[in-house]
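Welcome, and take a moment to turn the model around before reading on. The paragraphs below walk through it step by step.

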Amino acid sequence: MTHRISRRARVLAAGLGAGVIVPFAAAAAPAAAAAPQVSCTSSKTGLATKLQQDITTALRGRAGTVAVGLYDRSTKTTCTLRSSTAYDSASVVKATVLATLLWDAKKHNRYLTTREQSLATAMITKSDNNATSTLWKQLGVTKVKGFLAAAGMTQTKPGANNYWGLTQITVRDEQKLLALLTAKNSVLSDNSRAYELKLMGKVISSQRWGTPAGAPSSVAVHVKNGWLSRATHGWRVHSIGTFNGAGHDYMITVLTQDNSTMQYGVNTIQAVAKAIHKDLVPTTSTTSASVLRYVPTANPQEAIPAVPSAG
């Protein structure tokens with residue numbers, strides 16, 4: 001019986017992978033798997049239920065595959081959806097590249113050079129691809145993997161052949177990275193954490209969309225976004241952000257793919273972000289929200305260099 005069941009599972013999986021549904025007799029057909037649901041916990045009474053309901057409502061009717069992570073230290077609140085689903089990183093990986101550079105510099109007891117600072121600033125604040133390729137090549141995949149191991153980001157797989165934009169990331173690991181950036185730890189020095197957050201707080205205005213949408217003006221915002229269109233799964237549009245103020249210290253990751261356009265993915269992320277900010281940091285006036293300051297770039301670019309650097 002065990003052999004027959006496993007064989008049937010293999011046939012079904014092969015059929016689905018090819019976009020073909022393999023028919024079975026109705027009596028033998030397995031029950032359809034339920035779609036993943038948003039799961040929240042909190043030490044604050046009623047907050048988990050409200051967040052779960054509002055994030056679910058924000059995603060209702062939205063096409064695409066969405067993964068969500070939220071953690072608020074102040075209320076011990078966590079929300080997750082598809083936390084271990086892997087996505088092409090696009091430019092979100094740039095936050096990991098900078099963290100790797102800072103981690104490696106700390107290991108060698110040195111400061112970043114003027115050149116490295118210039119490259120890091122362009123990479124984070126402008127999402128500059130050439131700067132990223134230069135730093136990725138300088139570090140090498142071995143050092144990137146070393147940082148990932150030190151950070152406990154075991155689900156993240158660096159892109160091969162200098163295609164850093166195809167690094168595989170998950171909500172769980174991005175939340176681990178944001179946690180390292182926002183609290184004292186043995187992986188990144190306090191100066192390193194402050195440096196990266198400073199750059200994430202100075203992202204150019206055209207790229208301040210995504211998780212900051214709906215954040216009240218009383219909250220400091222640090223963000224890194226990514227966007228990439230490929231033949232399969234359409235547009236990947238991602239946003240990671242940390243938020244501190246108004247008695248809260250929280251981080252949000254939203255990863256999406258199967259979007260028809262970049263703007264569609266942005267809208268999905270911002271619907272989730274607005275729900276989270278509203279529930280965590282309620283405001284009495286809509287004018288205090290910073291939604292309108294976060295407008296997508298008019299010229300989205302792929303995060304992957306057309307041709308990898310030699311070597």
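Two residues are in contact here when heavy atoms of theirs lie within 4.5 Å. With that in mind, look at Met123: leaving aside residues up to four places away in sequence, Met123 touches Lys94, Val97, Leu98, Asp128, Ala131, Thr132, Leu135 and Lys224. Keep in mind as you explore that this is a predicted model.

Now step back to the whole protein. Its chain forms 8 helices and 8 strands. Of its 311 residues, 48% count as buried. Among contacts with a separation of 6 or more, 70% are between residues 24 or more positions apart.

Let us go inside. The largest nonpolar core holds 43 residues, and Leu98, Met123, Phe147, Leu177, Leu181, Leu188 and Tyr195 are the members that touch the most others. Two or more residues each come from helix 3 (93-107), helix 4 (114-125), helix 5 (129-151), helix 6, helix 7 and strand 8 (248-259). Helix 3 gives the largest share of this core, with 9 residues. There is also a second, separate core of 31 residues, which includes Cys40, Ile252, Met262 and Ile269.

Helix 7 (residues 190-200) is a good place to pause. Which of its residues are buried? They are Ser192, Arg193, Tyr195, Glu196, Leu197, Leu199 and Met200. The cover over these buried residues includes helix 3, helix 4, helix 6, strand 6 (220-229) and strand 7. Two of those neighbours, helix 3 and helix 6, deserve a visit of their own.

A word on how to read such pairs: two packed helices are described by the angle between their axes and the distance between the axes.

Start with helix 3. The axes of helix 3 and helix 7 come within 10 Å and cross at roughly 150 degrees. Angles over 145 degrees count as roughly antiparallel, so helix 3 is roughly antiparallel to helix 7. Their crossing is right-handed. On the helix 3 side, Ala95, Leu98, Ala99 and Leu102 take part, and they meet Ser192, Tyr195, Glu196 and Leu199 of helix 7. Sorted by class, the residues of this contact are 6 nonpolar, 1 polar and 1 charged.

Helix 6 (residues 171-182) approaches helix 7 at another angle: their axes come within 8 Å and cross at roughly 110 degrees. An angle from 65 to 115 degrees counts as roughly perpendicular, and helix 6 and helix 7 are therefore roughly perpendicular to each other. Here Leu178, Leu180, Leu181 and Thr182 of helix 6 meet Arg193, Glu196, Leu197 and Met200 of helix 7. This contact has 5 nonpolar, 1 polar and 2 charged residues.

From here you can move to Thr242, which sits in strand 7 (residues 235-245). Is Thr242 buried or exposed? Its relative accessibility is 2%, so Thr242 counts as buried. Not counting residues up to four places away in sequence, Thr242 touches Leu178, Thr182, Leu197, Ala220, Val221, His222, Tyr250 and Met251. Among these partners, Leu178 and Thr182 also take part in the contact of helix 6 with helix 7, as does Leu197.

Another helix pair awaits. Helix 2 (residues 47-59) and helix 8 (residues 262-280) have axes that come within 9 Å and cross at roughly 160 degrees. That makes helix 2 roughly antiparallel to helix 8. Helix 2 passes helix 8 in a right-handed crossing. From helix 2, the residues involved are Leu47, Lys50, Leu51, Asp54, Ile55, Ala58 and Leu59; they meet Thr268, Ala271, Val272, Ala275, Ile276, Lys278, Asp279 and Leu280 in helix 8. By class, the residues of this contact divide into 10 nonpolar, 1 polar and 4 charged.

Finally, have a look at two loops. Between strand 3 (77-81) and strand 4 (87-88) you will find Arg82. Although not a glycine, Arg82 has a positive phi of about 50 degrees. With a relative accessible area of 26%, Arg82 is partly exposed. Asn109, in the loop between helix 3 and helix 4, has a positive phi of about 55 degrees and is not a glycine either. At 72% relative accessibility, Asn109 counts as exposed.

Note on methods: Residues numbered from 1 in each chain as written. Predicted model: local features only at pLDDT ≥ 70, side-chain atom pairs only at ≥ 80, totals over all residues. Heavy atoms only, no water. Axes fitted to C-alpha atoms, helices over the stretch in contact; angles between N-to-C directions. Helix = DSSP H or I, 4+ residues; strand = E, 2+ residues; numbered from the N terminus. Parallel < 35°, antiparallel > 145°, perpendicular 65-115°, else oblique. Left-handed = near helix turned anticlockwise from the far one by under 90°. Nonpolar A, V, L, I, M, F, W, Y, C, P; charged D, E, K, R; others polar. Buried < 20%, exposed > 50% of the residue type's maximum accessible area, 1.4 Å probe, protein only. Core = buried A, V, L, I, M, F, W, Y, C linked by side-chain atoms within 4.5 Å.
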